[in-house]
Structure formats: C-alpha cells, structure tokens
Amino acid sequence: MFRTAVGAGLLAGASLELVAWLVARHGPAGDSWSFRGNGALVVPLGLGPAMLAAAWTTLVLRARAHPRWWVWGSAAALVGAALVAASVAALVLFGRAAQGLSDALTVPILVWPVLAPLLAAARSGGCARSWQRPRAHAAAAVTFAAALVTSFAAAGYVLPAGS
C-alpha cells in the first residue's frame with residue numbers, strides 16, 4: 001500500500017507540474033485575466049486538491065472494504081476537477097464580471113479534499129469495527145500527500161511553470 005501511495009503521489013505531483021508548465025506557456029488569456037505565467041497556479045491550487053480528494057476517498061473506502069472504492073475515488077477526483085473547471089469557465093466565458101464567482105468557488109475547491117473522504121466514511125456503512133487497518137490507510141494518505149507535494153516541488157526545479 002505504501003509503495004502504491006508513494007508512486008501515485010510522485011506521478012500526481014509531476015503531472016501537476018507538467019500541466020502547470022503547459023498552462024503557463026499556452027494557457028487561455030482574456031482582456032483582464034490570464035492563466036499564463038503565474039496564472040498557472042490555478043493548476044496546483046485547483047487540481048492538487050482534486051487529486052488529494054481522490055486518493056483520500058479511495059483510501060477511506062478501501063479501508064472500509066467498499067466494493068467500489070476505485071469508482072468512488074475517481075468520482076471524487078471528477079467532482080474536484082469540475083469545481084476547478086467551473087471556476088475557470090466562469091472567467092473564460094464572462095471575464096472580469098465573473099471574478100467574484102470564480103473566487104467564491106475557491107472555498108469548495110479547497111474544502112473538497114477533506115469533505116469527500118468524510119462523506120465516504122459516513123456513507124460507506126458498517127460499524128466502527130468495519131475499518132481494516134485504519135492506521136496503515138491513514139499513513140498511506142499522509143504518504144501520498146507528502147509524495148505529491150515533494151514531486152511537484154522537485155519537478156518545479158526541473159521545469160518551472162512560471163518561467
């Protein structure tokens with residue numbers, strides 16, 4: 001489980017940096033906004049929490065022996081990505097007039113990684129004794145987050161997004 005968490009975290013962090021690099025160079029821009037340069041921070045600050053929500057939800061459901069842990073973990077990622085897409089789409093479609101809406105969506109984007117696994121734990125059924133190796137799964141969640149942040153930072157030295 002730990003090797004998978006480390007590998008997935010390293011891959012997720014490096015992927016975030018690659019997408020941030022692409023957005024920094026070729027991202028959309030309008031008359032009063034741009035995702036180029038430092039605007040590419042929307043990638044790690046938006047999609048990073050979606051990745052955390054996916055991993056942590058998957059681990060909670062796996063610890064609860066839920067038969068569709070992979071499906072619901074993927075759904076958590078899609079919800080997080082949809083929140084980011086809505087925030088970006090508001091700016092792309094309506095420009096400065098949608099800045100307030102885009103800013104307001106920041107809160108659910110950042111809360112989702114905590115809310116999704118809590119919902120998964122509450123809705124997955126069973127009793128308190130139905131948890132399988134809760135400490136190992138919690139450690140894997142922390143390991144994933146550390147690997148994601150570490151590989152994102154390391155990839156940033158190799159391929160800096162804002163330069």
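Trainee: Why does L115 count as partly exposed?

Mentor: This is a predicted model, and the values are computed from it. L115 has a relative accessibility of 37%. Buried means under 20% and exposed means over 50%, with partly exposed in between, so L115 counts as partly exposed.

Trainee: Where is L115, and which residues form a nonpolar patch with it?

Mentor: L115 is in helix α5, residues 106-123. Its partners in the surface patch are V107, V111 and L119. Together the four residues have about 320 Å² of accessible area.

Trainee: What makes L115 eligible for a patch as far as accessibility goes?

Mentor: Patch residues need over 30% relative accessible area. L115 is at 37%, so the accessibility condition is met.

Trainee: What makes the pair of W69 and W70 edge-to-face?

Mentor: Two values decide the matter. The ring centres are 6.1 Å apart, and a pair needs centres within 6.5 Å. The planes stand at 85°, and over 60 degrees counts as edge-to-face. The pair is therefore edge-to-face.

Trainee: How many aromatic pairs does a search of the whole structure find?

Mentor: The search finds one.

Trainee: Why is W70 called exposed, and why is W69 called partly exposed?

Mentor: W70 has a relative accessible area of 60%, and the cut-off for exposed is over 50%, so W70 is exposed. W69 has 29%, which lies between the limits of 20% and 50%, so W69 counts as partly exposed.

Trainee: How do you know that R62 lies over the face of W69?

Mentor: R62 is at 5.9 Å from the ring centre of W69, and the distance limit is within 6 Å. The definition also asks for an angle within 35 degrees of the ring normal. The angle itself is not quoted here, but R62 is listed as lying over the face of W69.

Trainee: Why is R64 called buried, while A65 is called partly exposed?

Mentor: R64 has a relative accessible area of 11%, and buried means under 20%, so R64 is buried. A65 has 44%, which falls between 20% and 50%, so A65 is partly exposed. R64 lies in the loop between α2 and α3, and A65 is found in the loop between α2 and α3 as well.

Trainee: What is noted about the phi of A65?

Mentor: A65 has a positive phi of about 60°, although A65 is not a glycine.

Trainee: What makes A140 and S151 buried?

Mentor: The limit is under 20%. A140 is at 0% relative accessibility, so A140 counts as buried. S151 has a relative accessible area of 8%, so S151 is buried. A140 is in helix α6, and S151 is found in helix α6 too.

Trainee: Which residues of the largest nonpolar core touch the most other members, and which helices supply at least two residues each?

Mentor: The core has 18 residues, and V23, V43, F144 and L148 touch the most other members. The helices α1 (2-26), α2 (42-63) and α6 (134-158) each supply at least two residues of this core. The most comes from α1, with six residues. In soluble globular proteins, nonpolar side chains tend to be buried together.

Trainee: Why is N38 called exposed, and where is N38 found?

Mentor: N38 has 63% relative accessibility, and exposed means over 50%, so N38 counts as exposed. N38 is found in the loop between α1 and α2. The C-alpha atoms of N38 and F2 are separated by 33 Å, and the two residues are 36 residues apart along the chain.

Terms used. Residues numbered from 1 in each chain as written. Predicted model: local features only at pLDDT ≥ 70, side-chain atom pairs only at ≥ 80, totals over all residues. Heavy atoms only, no water. Patch = residues over 30% accessible without salt bridge, like charges linked within 9 Å, V, L, I, M, F, W, Y side chains within 5 Å. Areas by Shrake-Rupley, 256 points an atom, 1.4 Å probe, with all protein chains shown as cover. Salt bridge = Lys/Arg side-chain N within 4 Å of Asp/Glu carboxyl O. Helix = DSSP H or I, 4+ residues; strand = E, 2+ residues; numbered from the N terminus. Buried < 20%, exposed > 50% of the residue type's maximum accessible area, 1.4 Å probe, protein only. Phe/Tyr/Trp six-rings, centres within 6.5 Å; stacked < 30°, edge-to-face > 60°. Core = buried A, V, L, I, M, F, W, Y, C linked by side-chain atoms within 4.5 Å.
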